[in-house]
Structures are given as C-alpha cells and as structure tokens.
Amino acid sequence: MRSRRLAPAALAALPAAFIGIFFLYPLVGVLVRSFDAGTLLATWRNPITADVLWFTTWQAFASTGLCLVVALPTAAVLARLRFRGRRLVHALLVVPFVLPTVVVAAAFLSLMDRFGLADRFHHTVWAILAAHVFFNYAVIARSVAAYWSQLDPAPEQAAAVLGASPLRVFGAVTLPRLAPAIGAVSAIVFLFNFTSFGVILILGGPRRATLDTEIWRFAVQRLEFDTAAALALLQLLCVLVLVVGATLWQRRRHIAERLRTDTARRVRGSADRVLLAGTLGVAAAVVGLPLAMLVERSLRSGGTYTLENYRRLGQGGERLQALFVSPLAAIRHSLEFAATATAIATVGGLLVALAVSGRRKRGAAALEGAFLVPLGTSAVILGFGMLLVLDRPPLDLRLSWWLVPIAHALIGMPFVIRSVTPALAAVSPRLREAAAVLGARPARVRREVDLPLALRGLAVGAGFAFAVSLGEFGATAFVVRPERPTVPIAIFRLLGRPGEAAFGQAMAMSVILLVMTAMAVLAIDRLRPAGAADF
Amino acid sequence: MNEPTTGPAPSPLEPPEPGPPSSFRRRPESSPGEGLTIRDLTVSLGGSDLLADLDLSVRRGEILALLGPSGCGKTTLLRTIAGLQAPAGGSVSWAGEDQRSVPAHRRRFGLVFQDHALLPHRNVGANVAFGLRMQKIPAPERRRRVAEMLHMVGLEGYERRSVATLSGGEAQRVALARALVTEPKLLLADEPFAALDRPLHDRLLADVRRILTELRQTAIHVTHDHTEAFAIADRVALMRDGRIHRTATPQQLRDDPQDAWTATFLGLGTIWYPTGGAATTGELDTPWGPLTLPPSTAGKPTASSSGDFCLLIRPEAVRLHRPAGVSATVSDVRVAGDRTIATFHVPAAPPVDGYVAAGATPGQTSTISLDPSGVTMLRSDAAQLSVRFVHE
C-alpha cells in the first residue's frame, strides 16, 4: 500500500527536477537580478518605461476588444446553426492559433505589400491589432461557441414568451449567461496580447515597443541585463495582477448552468443562409486572406510569378551576410530541435500525467497546475531567465546545443500534460483492477492498461509540442546561437535585411514553416492509437 | 515431451476423463484443507462501516451465491476478498493463510466484473491470455489454453475479434474465460449477468453452472436475484446491511426462511402479523378463518404471544372453492410461469396471492381458505414490527 502511494510522486520527480532547474531557477534568477542591480527604481521611474507600459496595456485592450467584436458574431453562428462542414470549420479555426508568430507577421507584411499599404501601415499599431485579431479570432470564436452551444435555450424561449424582442432577449438573457465564458477567454486573449512579442517586434518597428520587446532589446541587443531584469519584474507583476484579477472575477461571475449537449438547430430559411455565408466570409477573410497573400507574395519576384525565392533558398540565399548558414540548414536545425524538444516534453508530460492520475482529486489538480505554470509565463521571460542564469558552472549552457530544445520542451510539456491527463482520467478504474486481479503488478498495470489507452492523447500532445517548437520565437530569440538559427529566427533575420530579394526569401521560408506546422497539425488529427494485436 | 496434445502431466490421482477440457485440471474430488475463511471482517468508508464483523466461509469446490438487496455490501465484500479494498479489521484467509499482506495481483483469485472490464485495446484472445502472460506462460501453451477456454465458453475461434464487436452475452463469456483460464484458486463473479436479457441470462447461467461444476471451481457468485442464486449455487449466503444474515442451501432457504425479512426478500408470499392475543398452541384465528398450524412448524419460535412471530402465507396455501371459507375480492390477475396468480383481498387483512384457474377476472368474488401446508411460522423482524406498530 505504501509503495503504491509513493510511486506516483517518484514518477514526477524527473520532470519536477527539469522544471525546477530550467524554469524556476531562471525565474528566480530574474527576480534576484532585478533586486540586486540597484537600477530597479530608476528603470521603473524612467518615463520611457511608463510609455512602454502604457502602450503594452492599451494595445492589449484594443486588440482584445477588436477580437471580441469580430469573433462574437462568428461564435453565435457556430453555436446556434448546424450546417454541413461545421466540424471542419471548427477544426480549421485551430490553424491560426498554432501558426508561428513570425509567419503571421510575415503574412501581414505581404498583405500590406500586396495592397500597397506598407508605407502607411507598416510600423503602426494598426498592423499589430490586425495580426492580433488574426491570432485570437479563432480562440474566442471556438471557445465561446463551444460553451454557447451547450446552453439550454429554455430561458431565452421563456423570455421571448414573456414578450421580449430578440434583441432584448440577447441583451437581458443570453449575454449575461455567456459572460463567464467571454470573460474567461478575454482574459486569456488579453494575456496573449499583453505578452505578444514576435508580432510587435516585426510589425511594430522601433517606435512601437512593449515590455516583452524592450526586455529583448535590452538583454540581447544592448546587453543591459539589469534594465531587462527590472522590466521583466514589471511584466511578471502585471501578469500576476491580471491572472489573480481574472480568477477572482470568474469566481464571482460563476453561473451554475446545467450544460447540455449541442443545442444548435439546422439552417433554414434565407436569413439563416445569409448569416452563415456572411460568417464564413468573415472567417475566410480574417484567417484565409493573410495566408493566401503570404503564399502569393512568396511566389512573386521581380514583378512576375516565379519560384525564384525558393530557388535562392536552395542555393544558400543571403547566407554570408544575414544568416551565417544556409536556409536549408535552418530547417534542419528546427527539425532537430523540435524532435528533441518533443521527446523531452512527451516523456516528461507523460510522467507528470501518470503521477497526477494516481492521486486523489485535490492533490492531482495542484500537482497538474504546478506543471502548467510555464504555459502562463511569457516565452520572453523564460528565454531571458535562461540566458541570465545558465551561464556559469555547473550549468554553463550558453554554448550548448541543448538550450533551445530545453526551452521548447518547457513550453511543449504543458500541452502534453493537458492532452494525456484527460485520456488517463477516462480510463476506467475497473480495467486497472481487472489487470491487477489477473496478476499485473502496479507498474505492469500502467504499461499494459494506462499507457496504450493514453496513446492517442500522448500523440496529440506530442504533435502540439512539435508544432509549438517549430514556430517558437520568443524564448529562442534569447537562447539561440547565431550559427544555429531556427527557421523563425532565420525569417526574422531575413526580414531585417534590406532589399527585395531578402524579403521574398523571408516569405518563401515563412511558407515552408507554414507547411511544416500544418503537417504537424494534420498529423495530430490523423494519429489513432495502434490497433490491438500483440497476442 | 512426446505427448504434444496434453499440457501438464496428468496427475495419478486423476483418471483421464472424457470431455472437452483436456488440460484444465479439475480440482481433486475432496480437497484437503479449507477454502476461504473470513472472520470479523470490517470495511469502513468515510466513517461508516460498509461491512461489520462479517463471517463467511467457502469450502473448496463449492459454488456459493452471495445474495442480498442493492447496497447491502456484496460488491464491497467481493472487492475486499479480491484485495482491491483494504479492510479496517478482521481477516480474509485462504487455506488457513492470511491474505491481508498479499496484494491483489498475487492472490490468484479470479474476478468477473459486472461491466466485464475487458481491455478495449486488446482483442478477445489477448484479453483471455492476459493473466497467462502475467504468469509468464510461454506463448504456444498460452495460445492452446486460450483456444480451449474459448471453446469451453462457446466462443471457439473468437481470438482475433475486437472486444468492441461483442454482444453483451459474448463479452460476459470472454470475461469469464479470462478469469477461468488462469485456474484461479477462487472465482469471484460480481453480478455478471445483471445486464443481460432473460433468455440469454438463463442460458448463460446454466452454462456457467456446468463449467464451474466441471472444473470443480470454487466460486462466489454475487447477485441480487434469488432465482439466479438458487439456480447456480450449492449454498447461498444471504447478506443484509453489511453482515451475513444466514447461510443455507437454496432448499433450506425456501422451505424454512425462518424470518420475515428473508421471506419478503425471497418473495415467498405474504407476511401476516397476528393481532389479537389468540395465539396459543397452534390454533390461530386469522382473517381467512381459523388455522391449525401443522406440527412441523409448531414448536418453532414460541407461539405463546403475538408480536414475536408472524406467518408466511405462500400462494399454494390459498385454496378456492371450499365449502367453508371467507369471501375475497380478486385483483391483479397475472401469469407467472406456467400458472396464473391472483391477489385476494379480505377486509382487515393484507392482500394474499394464490393460484387461480386461467379464466379468473379482476373484481370477481371468491370463497377462499388457507391450507396449513402452505403456511410457515416465522420470527418476526424487529424492523417490520416497529413499522407495523407505527401503522396501527
């Protein structure tokens, strides 16, 4: 009995050590550095800091508001109407969320370039807002629609019978009922926008800086670690306030709804059809147009359609000046890093999930929560922390190949935990007991029962970890070695080069990264647990 | 090694016998030593006792039915025997050896779950072979024993079938095969037929009884259905509120239920509590007329005063068309098996069931009397008594 209770804790020891060394230790390093330096207050009092904080905050508010305006009508249609291809639309809407920030930024650059808007909008807040809408439109639409479609329509019908007009019903009944879902997703989207990095760095230019881009500028470009640490502390405090505030708000606004399965109704009548067509049009415009323009731009060089941009990548591209290495080498690096990061994240995440599943409810939630923290921390802080503390023995990893995959694994592990834990929770305890009575030791039960049944969840988590690693930019920008760039880093460097050729190649590489990510996402969807035949 | 068809060498004690299971050793006719012994077993959950000071023993080769209403602790007892639930006190022992420190996976008891608990990622063959793999039985022998076991439960050639494609009855047979193929010391079955339709239920019940008897398998069969318990078991342990109420053969239970609770739970007939103080040596005044209790039940719990005994009036006690008797109104005419049963109402008496001719109609009046051979004297139940007093 005692050994059975100890075993889960032992399982989590390895991933716990990993998180402790590569996440908590760097985080503490950032805190210590910001207090030690003595420049903390000076940095905070600097009017430029106030400007940056102000811009960070208001662009996040504006982006979130804009996202809500664009996404809520889509959520309404997805929640209330049942139509052919509804599930496909749901599935396709995941794509923007997993796209690398660099690709999204590149897509918006090509969009502006295509319509001759580059001069007017590049390096303005409008480009940033648009890119944030692209990113988060699907997040809001999907999560609100999922909740909405499970709401019992009876209260709305009751209000209508009592004489409320449709608009009144929506305002007085539906909207308040949706408030918890909208609030929760808004908080998450605000967090994304507040800690946005790649999009702002590329589309915002030098005049538009947020806390995260400033941390990077001070740490990587100017090597002023003290100032960067002071800004990082400020960012951490803001995020903390935000998370605590959102949690409190949610607890207060919690509505006990008895959720039902999908309550959507079939499309009928021309009004429904117009509504549906309009919604799908908006979705296509928001998500599809920038990507289409990206592909189009990558195929254009010197005024004609050609594969020249791709050909140049194959020939080594701008290797000497911008990249130090060929674009193909960057692809190889990305794949190697992603494979390693996925392996670490998968093993670690699986161990955590097994440990969590062997525990009682409350302990399990706390344990799982502890391992999900890296997901709520911005990648920039993660990368900065690693840069700050992993530079002296015995952990002198500055020159190590491992730094990038380790950072990516930290970000990928929560995805694995989140997909494996529910799969394990769904395994009936009867099956474990049946195996035990038939003579399987507890470890054997895990191998024979839990592991095979959690395989699909594990594959999905691994796919996410892989896709996330391919596109990771924030942390990589801190810890990457100049001679071993990943694809997103290579794209970023190409975008920093003057000239039409470099821009075209950046677009071509973005398309390649887009395809790589899309393939990982498709694989997630296709993977099924291996059949049963080891008799 | 020049006997490729037989598995383990046949024991000299065992003459070779005809019949399908060649390698499944039947347990010796009279096994030395005892089987399962449970003493003072207490299992608690959240401060309340699910099982309290429970005693039970099962002889080797015996099929014991554990019968009781829902929530009486049958499943808890089974899980405790299997080692899936830790007792708060008492002991579970097999052949005199305490099993408390033996984890479930080393007890070598077989367990058949109500919901089968077949591993969904393994096919039928792999499910049945699971326990043999755990015992590190080599693959060729494993395959042979699985095939034989599947043959025995009537699922020959099902090895490669996915468990998702099985019907309820087939899944139950696979679960049984999976438990039996490891030759468990004790087979525990937790309401294995509860979810099956009646014909399938009856057929499977007969099959299982045959297989268990053939193998001389010691088994505990949990059920809330007394017909099932009577059909499968050598002995029945009646369970009530976390204790074993009584252990007896099906025959003993039916002929002499001893108390009102047992008779009610087994559905043997109507319980009548004598009211007036007229009970003396076996002469009773009942709403259905005077009754002379047969000698077989006289001298049972003292009939000296009313209140501590009651009568079980079985359907066969109710006689129609006698010259003497009381007038009763008929209701609820229904078919039970190959006979017809009706309920008879007499003023100031509980309704009693009796067999009638097929043509009886509700609402008609009949003259009925009681035949003493269908009446059994019982101890009244404390709980029943208090309820009765509240009503009066």
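How many residues does helix α3 of chain A have, and how far does the helix reach from its first C-alpha to its last? Select residues 47-80 of chain A to find out: α3 has 34 residues and spans 49 Å, close to the 50 Å expected at 1.5 Å a residue. Now zoom in on Ala71(A), where α3(A) bends by about 35°. Pro73(A), a proline, follows within four residues of that bend.

Before going further, keep in mind that this is a predicted model. The predictor gives the complex an ipTM of 0.76 and a pTM of 0.73.

**Colour by confidence: chain A**

Chain A averages a pLDDT of 83, and 92% of its residues score at least 70. For the two ends of the scale among its elements, select helix α21 (residues 429-437), where the mean is highest at 91, and then helix α16 (residues 319-323), where it is lowest at 49. Next, pick residues 1-5 of chain A: pLDDT stays under 50 here, and the model has 2 contacts beyond four places in sequence for this stretch. Residues 528-535 of chain A are also below 50, with 18 contacts beyond near neighbours in sequence. Where pLDDT is low, don't read the predicted coordinates in detail.

**Into the cores**

Stay with chain A and show Ala106(A), Phe108(A), Ala131(A), Val144(A), Phe384(A) and Ile491(A). These are the residues with the most contacts inside the largest nonpolar core, which has 156 residues. Highlight helix α8 (residues 125-148) of chain A as well, since it gives this core 15 residues, the most of any element. Then centre on Phe108(A): leaving aside neighbours within four places in sequence, its contacts are Ala127(A), Ala130(A), Ala131(A), Leu203(A) and Pro290(A).

There is a second, separate core to look at, this one of 114 residues. Select Leu36(B), Trp261(B), Val330(B) and Met377(B), which are among its members.

**Over to chain B**

Show chain B as a cartoon and you get 10 helices and 20 strands. Of its 392 residues, 42% count as buried. Among contacts in chain B between residues at least 6 apart in sequence, 68% join residues at least 24 apart.

The mean pLDDT of chain B is 81, with 83% of residues reaching 70 or more. Strand β3 (residues 63-67) has the highest confidence, at a mean of 94, while helix α10 (residues 382-391) has the lowest, at 40. Select residues 1-22 of chain B too: pLDDT is below 50 over this stretch, which has 16 contacts beyond near neighbours in sequence. Residues 296-306 of chain B also stay under 50, and the model has 21 contacts beyond four places in sequence for them.

**A stop at His245(B)**

Pick strand β10 (residues 243-248) of chain B and find His245(B) in it. Is His245(B) buried or partly exposed? His245(B) is partly exposed, because 17 other C-beta atoms lie within 10 Å, short of the 20 needed to count as buried. Beyond four places in sequence, His245(B) is in contact with Leu238(B), Met239(B), Arg240(B) and Thr262(B). Try a distance to Leu67(B), too: the two C-alpha atoms are 9.9 Å apart, though 178 residues separate them along the chain.

**Last stop: the interface**

Show both chains again. Here 25 residues of chain B are in contact with 21 residues of chain A. On the chain B side, the elements giving two or more residues are α2 (104-107), β6 (109-112) and α3 (124-134). Of these, α3(B) gives the most, with 6 residues. Colour this side of chain B by residue type and you'll find 13 nonpolar, 9 polar and 3 charged residues.

Technical notes:
Residues are numbered from 1 along each chain as its sequence is written. Chains are lettered from A and ligands numbered from 1 in the order in which they are written. This is a predicted model: local features need pLDDT of at least 70, side-chain atom pairs count only at pLDDT 80 or more; totals for chains, interfaces and linings use all residues. pLDDT is the predictor's confidence in each residue, from 0 to 100. Two residues are in contact if their C-beta atoms, placed from the backbone, lie within 7 Å. A residue is buried if 20 or more other C-beta atoms lie within 10 Å of its own, exposed if 12 or fewer, and partly exposed in between; C-beta atoms are placed from the backbone. A nonpolar core is a set of buried Ala, Val, Leu, Ile, Met, Phe, Trp, Tyr and Cys residues joined through C-beta atoms within 7 Å. The expected span of a helix is 1.5 Å times one less than its number of residues. The bend at a residue is the angle between axes fitted to the seven residues ending there and the seven starting there. Ala, Val, Leu, Ile, Met, Phe, Trp, Tyr, Cys and Pro count as nonpolar, Asp, Glu, Lys and Arg as charged, and the others, Gly among them, as polar.
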